[in-house]
Amino acid sequence: MFRWGSFRRWWAELRALGAGDRGMTTAEYAVGTLAACALAAVLYKVVTSGPVKALLQSVLERAINVQF
């Protein structure tokens, strides 16, 4: 049989374990945002490079000029 009192105690203990990490979420978001921006910058440089730009242009031209 399930006892609500034991569940409440377990839940309170579980919440108390994570209470000391309240300031970490902001730092984690900052690091994640910085990493996403760095990845976006690298991808932008790759996509706008000469060979990749020519490849993308040729793929799009072939897709536009498909005969139905």
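A residue is called partly exposed when its relative accessible area lies between the cut-off for buried, under 20%, and the cut-off for exposed, over 50%. With 43% relative accessibility, Trp11 therefore counts as partly exposed in this predicted model.

**View 1. The whole chain, a predicted model with three helices and zero strands.** Followed along the sequence, the chain shows the pattern α-α-α. Its accessible surface comes to about 6,700 Å², and carbon and sulfur atoms account for 68% of that area. Of the 68 residues in the chain, 0% are buried.

**View 2. The tilted ring pair of Phe7 and Trp10 in helix 1.** A pair of aromatic rings is described by the distance of the centres and the angle of the planes. The count for this chain comes to two aromatic pairs. In one of them, the ring centres of Phe7 and Trp10 are 5.8 Å apart and the planes stand at 35°, so the pair is classed as tilted, because that angle is neither under 30 degrees, as in stacked pairs, nor over 60, as in edge-to-face pairs. Both residues belong to helix 1 (residues 4-17), where they are three residues apart, so that about one helical turn separates Phe7 from Trp10. Phe7 has 32% relative accessibility and counts as partly exposed, and Trp10, with 46%, also counts as partly exposed.

**View 3. The tilted ring pair of Trp10 and Trp11.** Here the distance from centre to centre is 6.1 Å, and the angle between the planes of Trp10 and Trp11 is 45°.

**View 4. The aromatic cluster of Phe7, Trp10 and Trp11.** Ring pairs join these three residues, Phe7, Trp10 and Trp11, into a cluster.

Definitions and conventions. Residues numbered from 1 in each chain as written. Predicted model: local features only at pLDDT ≥ 70, side-chain atom pairs only at ≥ 80, totals over all residues. Heavy atoms only, no water. Helix = DSSP H or I, 4+ residues; strand = E, 2+ residues; numbered from the N terminus. Buried < 20%, exposed > 50% of the residue type's maximum accessible area, 1.4 Å probe, protein only. Areas by Shrake-Rupley, 256 points an atom, 1.4 Å probe, with all protein chains shown as cover. Phe/Tyr/Trp six-rings, centres within 6.5 Å; stacked < 30°, edge-to-face > 60°.
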